[in-house]
Amino acid sequence: MAAIDGLPPLREVIATHGLAAKKSLGQNFLLDLNLTAKIARQAGDLEGCDVLEVGPGPGGLTRGLLAEGARKVLAIEKDARCLPALAEIGAQYPGRLQVIEGDALEIDPLEHLTPPIRVASNLPYNVGTELLVRWLTPPEWPPFWESLTLMFQREVAERIVAQPGSKAYGRLALLVSWRAEARIALSLPPEAFTPPPKVSSAVVHVTALPEPRYPADPKVLERVVAKAFNQRRKMLRAALKGLAPDLEDRLLASGIKPTDRAETVTLEQFCALARNVAAV
């Protein structure tokens, strides 16, 4: 990769700019440019696409995305120490990298990007799940993004692709499968990172569907699913107590037994329950 873009190896970049990973920012840097290029390729053909990257750090994945032909990369970085390293990448790819210092939870990427848009990020562990839920629950669908290629802790990745009846099945799996297709594209061991995290990681690729699989109000579905899985060991008539009058009748009308537990209920049934609750 260094030979392709003319930039130094990431270890050298980190040493030059004093970029020791900060635990408070959920930072774990990938230093193997062959690996970051492989992750970039999981996002698909980037020619003619703008890409949103959150938490680029020293820019390993950023370099991969640009080398793979992204029309533009918008990199949102909270750590000001990383900005000089990212500026060096921008100089190597004139007009194709925009770096914004700030919190991705507070920045509207649509102010800076032009469709088609893909998201590709080695997400900071401390905000990854929150960002995913936001991207999955916009008020209107289809969303601003065509696909998400995101790195998570392996446990979180398994929750995203989990099937009904499994221990990992829950809110994330429901929200993803309602409006998208998801698969684990890559697995990465702790030693691939600096510093090595205590857990393995995985890259998840999520593709937006043109429309949800079943009709439901996003806010109502999110509330029903969150409440159901917040007390997943309880029967649903107890876990969802107070959600609606005549709750047991509404459960039955949705094809759900009041004695069922959340992990046994399908997406279609949860969407039916959301519609029945919304009709209150």
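Here are some short exercises, with worked solutions, on the predicted model shown above.

## Exercise 1: The overall build

Find how many helices and strands the protein has, and check its radius of gyration against that of a compact globule.

Solution.
- Step 1. Start with the elements: there are twelve helices and nine strands.
- Step 2. For a chain of 280 residues, a compact globule would have a radius of gyration near 19 Å. The protein has 21 Å, which agrees with that expectation.
- Step 3. Now look along the principal axes, where the C-alpha trace spans about 65 × 35 × 25 Å.
- Step 4. Turn to contacts with a separation of 6 or more: 69% of them are between residues 24 or more positions apart.

## Exercise 2: Surface and charge

Work out what share of the residues is buried, and how many side chains of each charge there are.

Solution.
- Step 1. Of the 280 residues, 52% are buried.
- Step 2. The accessible surface comes to about 12800 Å², and carbon and sulfur atoms hold 50% of it.
- Step 3. For charge, count 33 positive and 32 negative side chains. The centres of these two sets lie 8 Å apart.

## Exercise 3: Two covered helices

Decide which residues of helices α4 and α8 are buried.

Solution.
- Step 1. Take α4, residues 60–67, where seven of the eight residues are buried. They are G60, L61, T62, R63, G64, L65 and L66.
- Step 2. Look just past this helix: α4 is followed by G69, which has a positive phi, near 100 degrees.
- Step 3. Move on to α8, residues 171–179. Seven of its nine residues are buried, so this helix is largely enclosed by the rest of the structure.
- Step 4. Name the buried residues of α8: L172, A173, L174, L175, V176, W178 and R179.
- Step 5. Finally, ask what covers them. The cover includes helices α6, α7, α9 and α12, along with strands β7 and β9.

## Exercise 4: Salt bridges across the chain

For the salt bridges of D50, E146 and E181, find the partner of each residue.

Solution.
- Step 1. Recall the idea behind the search: side chains of opposite charge can pair when their charged atoms come close. The cut-off is a side-chain nitrogen of Lys or Arg within 4 Å of a carboxyl oxygen of Asp or Glu. By this rule there are eleven salt bridges.
- Step 2. D50 pairs with R71, and their closest N and O atoms are 2.7 Å apart. The two are 21 residues apart, with D50 in strand β2 and R71 in the loop between α4 and β3. D50 is buried at 3% relative accessible area, while R71 is partly exposed at 34%.
- Step 3. E146 pairs with R118, with 3.7 Å between the closest N and O atoms. E146 sits in the loop between α6 and β6, R118 is in strand β5, and 28 residues separate them along the chain. E146 is partly exposed at 37% relative accessibility, whereas R118 is buried at 15%.
- Step 4. E181 meets R213 in a salt bridge of 3.3 Å, N to O. Strand β7 holds E181, and R213 is in the loop between β9 and α9, so the pair ties together parts 32 residues apart in sequence. E181 is partly exposed at 44%, and R213 is partly exposed at 38%.

## Exercise 5: One leucine

Locate L86, say whether it is buried or exposed, and list what it touches.

Solution.
- Step 1. L86 belongs to helix α5, residues 83–92.
- Step 2. Buried means under 20% relative accessible area. L86 has 0% and therefore counts as buried.
- Step 3. Leaving out residues up to four places away in sequence, L86 touches P56, G57, P58, G59, T62, E77, L97 and V99.
- Step 4. Compare a residue elsewhere: L273 is 187 residues from L86 along the chain, and their C-alpha atoms are separated by 47 Å.

## Exercise 6: Backbone details

Find where the cis bonds to P142 and P195 lie, and describe the backbone at D246.

Solution.
- Step 1. W141 and P142 are joined by a cis peptide bond with omega about 5 degrees. P142 is in the loop between α6 and β6.
- Step 2. The bond from T194 to P195 is also cis, with omega near -10 degrees. P195 lies in the loop between β8 and β9.
- Step 3. D246, a residue other than glycine, has a positive phi near 50 degrees. D246 is in the loop between α10 and α11, and is exposed with 54% relative accessible area.

Methods
Residues numbered from 1 in each chain as written. Predicted model: local features only at pLDDT ≥ 70, side-chain atom pairs only at ≥ 80, totals over all residues. Heavy atoms only, no water. Helix = DSSP H or I, 4+ residues; strand = E, 2+ residues; numbered from the N terminus. Rg over C-alpha atoms; globule rule 2.2 N^0.38 Å. Buried < 20%, exposed > 50% of the residue type's maximum accessible area, 1.4 Å probe, protein only. Contact = heavy atoms within 4.5 Å. Areas by Shrake-Rupley, 256 points an atom, 1.4 Å probe, with all protein chains shown as cover. Lys, Arg positive; Asp, Glu negative; His and termini not counted. Charge placed at Lys NZ, Arg CZ, Asp CG, Glu CD.
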